[in-house]
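Biologist: Could you take one part of this model and go through it closely, giving the cut-offs behind each term as you use it?

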Amino acid sequence: MQIYLPIAEMPVSVLLILGMGAAVGFISGLFGIGGGFLMTPLLIFLGIPPAVAVATQSAQIVASSTTSVLGALRRNALDHKLGAILVAGGFVGSALGVWFFAAARRAGQLDLVIVISYVTLFTIVGSLMLKESIREFWSRRKGGAVRLRRQAGEHAPYLGWPLRMRFYRSKLYVSIIPIIGLSLFIGFAGALLGIGGGFIVVPALLYVFRVPTNVVVGTSQFQIVCTTLVALILHAVTNQAVDMVLAILLIVGGVFGAQFGARMGRHLRAELFRFLLAILLLAVGLRFGLELVLEPDEPFSITTQETRT
């Protein structure tokens, strides 16, 4: 069964899109992340224009993350003050990301920017996570003691920079400068690449800021919902790249898949969790990297250059 996507200007299989949404939703529920880092590449590999894939995926991220935020509110597992700081920086980052997105699109270099960004980001993050998971697994296998991490409330010296603020729910008294820097980067990357950024925010809050585990997911999802919603609106208004037909199909599929993934995720051990997520990130980065070295099916193309009036 085929359906025509008005913004992407191409027909797609309804069952295929629903299946992709369910598969990514399953992985999102399994790992507790938004899934945009996986869905956007899949849409691009399917032939959806990168600009449409990035912008439309933001709608699916907002829908899937909203349920997580509501659940965190019911469990009192959300630091509103920390979330507000993350959202403030994320708004600015999202606006800068959409501006850069539009500029790269006008210059005809958007596809190259997206590919290089995915390869760089996923290779770095995936390699660090893989190294950490292998080291912990090897230490446990040898029967040695696993290197102890600092506990919540114990922080590195650079978190004592000026403009310190106290976050009672997260047991923090740190400078807001690195927090705003993190949120700026997440907002920028999310708007440019169509990712929620959960695979970056969660490790950063856990290992850099030492936020208690029970507060991390809800707070990060709150930041992701707010900043991604802003990016979605800006993409729709500025770039006219949001395909609502495609977004609805992705949301419907993702809702079903996320339920099953969340149930399985409760039984994953921490080191296995990081190992599988690292392999997934490296695999996506490798797939994009191949596009930089392999000869394309159509070496030449004709496009209409966008100009300002």
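Modeller: What follows looks at one pair of helices and then at a helix that contributes buried residues. This is a predicted model, in which local features need pLDDT of at least 70 and side-chain atom pairs count only at pLDDT 80 or more, while totals for chains, interfaces and linings use all residues. Residues are numbered from 1 along each chain as its sequence is written, and side-chain values use heavy atoms, with hydrogens and water left out.

The axes of helix 4 (residues 80-106) and helix 8 (residues 213-239) come within 8 Å and cross at roughly 30°; helices here are DSSP runs of H or I with at least four residues, numbered from the N terminus, and axes are lines fitted to C-alpha atoms over the stretch in contact, with angles from 0 to 180 degrees between N-to-C directions. Helix 4 and helix 8 are therefore roughly parallel to each other, a label for angles under 35 degrees. Their crossing is right-handed, meaning that the near helix is turned clockwise from the far one by less than a right angle. The residues of this contact divide into 14 nonpolar, nine polar and one charged, where Ala, Val, Leu, Ile, Met, Phe, Trp, Tyr, Cys and Pro count as nonpolar, Asp, Glu, Lys and Arg as charged, and the others, Gly among them, as polar.

Helix 7 (residues 198-208) has as its buried residues G198, F199, I200, V201, V202, A204 and L205, buried being under 20% relative accessible area with a 1.4 Å probe and protein chains only. Helix 7 is followed by R210, whose phi is positive, near 60°.

How values were computed
Buried means under 20% relative accessible area, exposed over 50%, partly exposed in between (1.4 Å probe, protein chains only). Helices (H or I, at least four residues) and strands (E, at least two) are DSSP runs, numbered from the N terminus. Angles under 35 degrees count as roughly parallel, over 145 as roughly antiparallel, 65 to 115 as roughly perpendicular and the rest as oblique.
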